[in-house]
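Here is a friendly walk through one protein structure, written for someone at the bench. Keep the viewer open and follow along as the text moves from residue to residue.

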Amino acid sequence: MSTETLLYIILAGVVALLLALFQYNYKAKGAAKSNALFAFLRFITLFSVLLLLINPKFDQVKYYTEKPNLVVAVDNSSSLKHLKQDDNAKIALNTITNNSALKDKFNIEVLSFGNTLNSNDSLSFSESQTNLDKVFRQLTQVYKNTISPTILVTDGNQTIGSDYQFSAKKYNQPIYPIILGDTIVYSDLQISKLNVNKYAYLKNKFPLEAIVVYSGKQAITSKFIVTKGNTTVFSKVVRLDQTNNSQILNVTLPANNVGVQSYKAQIIPLKTEKNKVNNYKNFAVEIIDQKSKIAIVSSVLHPDLGALKKSIESNEQRVVEYVSPKEIVKQLNDFQLVILYQPNNLFKELISALEKQNKNKWIISGPKTDWLFLNNAISDYSFEVTSQTEDYQPNLNTNYTPFIVDDLNFESFPPLNATFGDAEFNQPFETILFKTVSGIKTEQPLLATLEISGRREAVLFGEDLWKWRAQSYLNASSFLEFDNFISKLVQYLASSKRKNRLEVDYNSFYNGSDDMVISAQFFNKNYEFEANASLVITLKNKKTGETITRPLVLKGNNYQVNLNGLASEDYDFTVKASPDNISVGGHFKIIEYNVEQQFLNADVTKLQQLATNSQGEAYYVSNYKALGDNLLNDKRYQAIQKSNKSVVPLIDWYYLLFIIALSLAIEWFLRKYKGLI
């Protein structure tokens, strides 16, 4: 409280006392004792009211005790069930959560994980993937700047993601793994890796790479076989021993039939092997008879050119060629799409040829673009000609309809550099990404598409697209999401197929451990996205004849259905939209493969290293009960007394209002009782 406020309070006390004495000792008549009591009550009332007017502020300190967290993360993947450790996991969890001493010392928080971290303790052991790397990154965000020792109930086998030992170092919490699984090393022969392209071209050969690994002491001989149905298409004898315990096999297989072709690669198991599931892997290749050619035309050098080529060619159905503006005019018919990067007057003949042939194109502009030339060369849109540049960040248009656009967290992407100004379109267009300037969202397009007389065109107002690809990798630890975005845009631009009212997006085949999601968009008669439609998918198992019907759920600007859990078979499907009775059909194949069943043992070495590096301790499922005593006796985990200091104004102290009302009431009743009123 300041000195000035204190002086005001003293002055208020003096004024309240003088007024009370003046009223009851100087002017009032009656008994002196009664007047003194009335003066005191009036003083209380006046002084309290004046205090409210001054409204002094007081420091209020509250003390509380904060217990450390005890995070219990339990592996919910199907590998625990395969290793017959699901019951041990549940017993360990119940033992920890029912320990009264631990509950008194810690705030126990139970989490489960598979591909992601989930805030629940309901264990089904049905997760098809284990991503411990993502688990530790999510734990780092949640328990940053806290004391949170972590118990990890797992077999330590990761099926997806980066090495979790690196992300665990950033977690900065002691980790106590409870190791589930057999620690005895058995002789085992397995296909640890199988690399094959998703697509191949008719009448060509496609490569297959298999890595065969042997765990054991005796020298063994086996045979690696690749079969298609009942036909063996490749076989080779493999000899391994304790020293030479792995071998890389490179195979080329013929692509003779169009469509999805299923194969099975296997290494003949040993008689003494305990786990024979990891001796074979099913795979599929889609054989296609054509390849899209995309031309990137530029007269400048820029990192965007390499980023575009990598993103487009991530889809093996496409090949990209760099061509100069003069060279491409003679070979224009060889390409399904032409990308014009920062065109200038060297592109005059090319743009004229594109216009005459009504050919699809994608124009990417930037500070080096000659808009004076481009405004004269094209008539569909124009751009202000200025010498200034601006940085524009993207903002996704969730109402974009020509094709399904996934949200890549575009708002986190770095800005593109472009010429300052606004575009003016003379034809109908649809915006994929709007411009955001200094955090302010605008209605100006950053990336837009047009459809004019059967021709499709896109325009991007900015350079440095390579930074978006890099940021996408930082966000998702993979280029896949950004490459898929570019792939969808290129697929749309490279095709002249008329838009249907019902568009379905799916893969021709899925691996058994993949997320099987089918997406669809439905449009009304004006080709506007219809968000209130009712879409259902009917699947038919081609082998058993069984049919399954599931609804598609609206998510953003498309409808989705998750088909995880289906048996590994061939399926025909039909997506139907009501009440318009429009349907689209197709077929796909689910390849039998369960990555969680490829493990025979717990990854003891990595879990022990994880415990040592984090200053924790690893326990086997047979002796984990000692973990409770260790946590209780560890002096690093003590409750901390904290204080919360806040400034409270007197006007918030409701007791003062009660005092004012009480003093006025007593004074009134006493005066009434004595007949002074």
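## A walk through the model

Leaving aside neighbours within four places in sequence, Thr-45 is in contact with Ile-660, Ser-663 and Leu-664, where contact means heavy atoms within 4.5 Å. Thr-45 sits in helix 2 (residues 32-54). Its relative accessibility is 6%, so Thr-45 counts as buried. Here buried means under 20% relative accessible area, exposed means over 50%, and partly exposed lies in between (1.4 Å probe, protein chains only). Helices (H or I, at least four residues) and strands (E, at least two) are DSSP runs, numbered from the N terminus.

Please keep in mind that this is a predicted model, in which local features need pLDDT of at least 70 and side-chain atom pairs count only at pLDDT 80 or more, while totals for chains, interfaces and linings use all residues. Residues are numbered from 1 along each chain as its sequence is written, and side-chain values use heavy atoms, with hydrogens and water left out.

**The nine-stranded sheet**

An open sheet of nine strands runs in the order 16-15-17-18-25-24-23-20-21, with mixed pairing; two strands pair if DSSP finds at least two bridges between them. Strand 16 (318-323) and strand 21 (416-419) are at the edges with a single partner strand each, so one side of each has no neighbour in the sheet. From one strand to the next, the twist averages 30°. Strand 15 (residues 292-298) pairs with strand 16 in the parallel sense over six bridges, and Ile-294 has Val-320 as its bridge partner in strand 16.

Helix 8 (residues 303-313) packs on this sheet, touching strand 15, strand 16, strand 17 (337-341) and strand 18, and its direction makes about 160° with that of strand 16. Helix 12 (residues 480-494) also packs on the sheet, and its direction makes about 40° with that of strand 24. For these angles, axes are lines fitted to C-alpha atoms, for helices over the stretch in contact, and angles run from 0 to 180 degrees between N-to-C directions.

**Strand 25 and its charged residues**

Why is strand 25 (residues 455-461) largely enclosed by the rest of the structure? Seven of its seven residues are buried, so the rest of the structure largely encloses strand 25. Arg-455, Glu-457, Val-459 and Phe-461 are buried on one side, and Arg-456, Ala-458 and Leu-460 are buried on the other.

Strand 18 (residues 361-365) runs parallel to strand 25 and is joined to it by five bridges, with Lys-361 paired to Glu-457. Strand 24 (residues 440-452) runs antiparallel to strand 25, joined by six bridges, and Glu-451 has Arg-456 as its bridge partner. In the hairpin of strand 24 and strand 25, two residues lie between the strands, and Ser-453 takes a positive phi near 55°.

Glu-457 also belongs to a network of salt bridges that links Glu-355, Lys-361, Asp-380, Arg-455 and Glu-457. A salt bridge is a side-chain nitrogen of Lys or Arg within 4 Å of a carboxyl oxygen of Asp or Glu. The whole structure has 19 salt bridges; three of them are listed here.

| Salt bridge | Closest N to O |
|---|---|
| Asp-133 and Arg-137 | 3.2 Å |
| Glu-411 and Lys-441 | 3.5 Å |
| Glu-457 and Arg-455 | 3.4 Å |

Asp-133 and Arg-137 both lie in helix 6 (residues 132-142), four residues apart, about one turn of the helix. Asp-133 is buried, with a relative accessible area of 6%, whereas Arg-137, at 35%, counts as partly exposed. Glu-411 and Lys-441 are both exposed.

**A buried aspartate**

Which side chain of opposite charge is nearest to Asp-155? The nearest is Lys-606, 11 Å away, and Asp-155 is buried yet has no salt bridge. In this count Lys and Arg are positive and Asp and Glu negative, while His and the chain ends are not counted. Asp-155 lies in the loop between strand 5 (150-154) and helix 7 (164-169). Its side chain reaches the backbone nitrogen of Asn-157 at 3.1 Å. Not counting residues up to four places away in sequence, Asp-155 touches several residues, including Asp-75, Ser-79, Ala-602 and Asp-603.

Note on methods. A polar contact is a pair of N or O atoms within 3.5 Å; within protein, one must be able to donate a hydrogen and the other to accept it, and residues adjacent in sequence count only if both atoms are side-chain atoms.
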